[in-house]
Amino acid sequence: MTAETRAEARAMTAETRADRLAALLAAIPYARFLGMTAELAGDEMTAILPFSPHLVGNVALPALHGGVLGAFMEMTAVMQLSIREPQHRQPRTIDVTIEYLRPGRALTLYARADVRKVGRRIANVQVEAWQETRASPVAALRGHFLLSLSGS
Amino acid sequence: MKVDLEALVALGARMVEMTPHAAALGLKFVSVEAGVGVLKVPYRDDLVGDPQTGVLAGGVITALLDHACGLAVKAAAFDTDPTATLDLRIDYMRPAAPRRDVIARAHCYRLTHTFEDDPDDPIATAQAAFVRAGAAPRPAP
């Protein structure tokens, strides 16, 4: 394989990933309900949730609903796995553990998923969500996800 | 502020109507009793998380459980003080059925730090999920 065709193959992979991500964001009604978007840097995805009034759980602070933080991080894990493991159908959640570290303020929320292990059937993923400062996460999630080959 | 059960019922209804995200999800108040809160999320197409199966997104279940747990804490304390969730662990026992409402019943079983020697008053609880080595992956349908 020449350097040129290798570069071409890489470019196609990046395009395929972007297509898959766009298709996921468009196809999952709940991702649209939340108002989620995402950006790719190679195979690493940053999920983005712009602030919107319908995400508020505490009007007095105001703060994002705890369910929104959990939901956004779970969706981040599912999407990152879908991009990393394109041969599998959309992963199904087995369990998630959510740690709430700080109130989610009325600001854009970001999340990145770290795929710790992909086995034959199960993937272990850790997610962190932050707002203005990456080093001060708002919440974290650890979860297991069931992988099934597409068509099964 | 200390309140009675009647006020908790009113609070439960307010918690789903006045919380923007709960209202956006369409959460409904079902019931409240001492230490227990029950809420419901009616099925809606725009809350689906997996278009292939049509079941509600895990995040909807997370938000429902979080909200129901908050109500259970208020129902255990008989007060209306706001609560903040420290952590939440969710194990999916089976997929929710498509086009069905989901009901959550939250039970607050520990409220204080006081400790007495009592079998009904455990010092620790654990939850875990296991993979059985012998269990084959489910065959394709």
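What radius of gyration would a compact globule with 152 residues have, and what does chain A have? A compact globule of that length would come near 15 Å, and chain A has 16 Å, which agrees. The model shown in these views is predicted.

**Figure 1. Overall view of chain A in the predicted model.** The C-alpha trace of chain A spans about 60 × 30 × 30 Å along its principal axes. Its secondary structure comes to 3 helices and 8 strands. Read from the N terminus, the order of these elements is α-α-β-β-β-β-α-β-β-β-β. Of the 152 residues in chain A, 38% are buried. Among contacts in chain A with a separation of 6 or more, 62% are between residues 24 or more positions apart.

**Figure 2. The open sheet shared by chains A and B.** The sheet has 7 strands, in the order 1(A)-2(A)-6(A)-7(A)-8(A)-5(A)-5(B), and the pairing is antiparallel. Its edges are strand 1 (37–41) of chain A and strand 5 (87–91) of chain B, each of which pairs on one side only. On average, neighbouring strands of this sheet are turned by 20 degrees against each other, direction ignored.

**Figure 3. Pairing of strand 2 with strand 6 in chain A.** Strand 2 (residues 44–49) and strand 6 (residues 109–118) run antiparallel and are joined by 4 bridges. Leu49(A) has Leu109(A) of strand 6 as its bridge partner. Ala47(A) stands opposite Ala111(A), also in strand 6 of chain A. In a regular strand, side chains alternate between the two faces of the sheet.

**Figure 4. The hairpin of strands 6 and 7 in chain A.** A connection of 3 residues joins strand 6 to strand 7 as a hairpin. Strand 7 covers residues 122–130, and its antiparallel pairing with strand 6 extends over 8 bridges. One of the partner pairs is Asp114(A) with Gln126(A) of strand 7.

**Figure 5. Helix 3 of chain A against the strands.** Helix 3 of chain A (residues 66–84) has 19 residues and reaches 27 Å from its first C-alpha to its last, close to the 27 Å expected at 1.5 Å a residue. Because 18 of its 19 residues are buried, helix 3 of chain A is largely enclosed by the rest of the structure. Helix 3 of chain A lies across several strands, including strand 1, strand 2 and strand 8 (139–146) of chain A, as well as strand 5 of chain B. The helix runs at about 45 degrees to strand 8 of chain A. Helix 3 (residues 58–77) of chain B also packs on the sheet, touching strand 5 of chain A together with strand 5 of chain B. The direction of this chain B helix makes about 130 degrees with that of strand 5 of chain B.

Definitions and conventions. Residues are numbered from 1 along each chain as its sequence is written. Chains are lettered from A and ligands numbered from 1 in the order in which they are written. This is a predicted model: local features need pLDDT of at least 70, side-chain atom pairs count only at pLDDT 80 or more; totals for chains, interfaces and linings use all residues. Two strands pair if DSSP finds at least two bridges between them. Helices (H or I, at least four residues) and strands (E, at least two) are DSSP runs, numbered from the N terminus. The radius of gyration is taken over C-alpha atoms; the globule rule is 2.2 Å times the number of residues to the power 0.38. A residue is buried if 20 or more other C-beta atoms lie within 10 Å of its own, exposed if 12 or fewer, and partly exposed in between; C-beta atoms are placed from the backbone. Two residues are in contact if their C-beta atoms, placed from the backbone, lie within 7 Å. The expected span of a helix is 1.5 Å times one less than its number of residues. Axes are lines fitted to C-alpha atoms, for helices over the stretch in contact, and angles run from 0 to 180 degrees between N-to-C directions.
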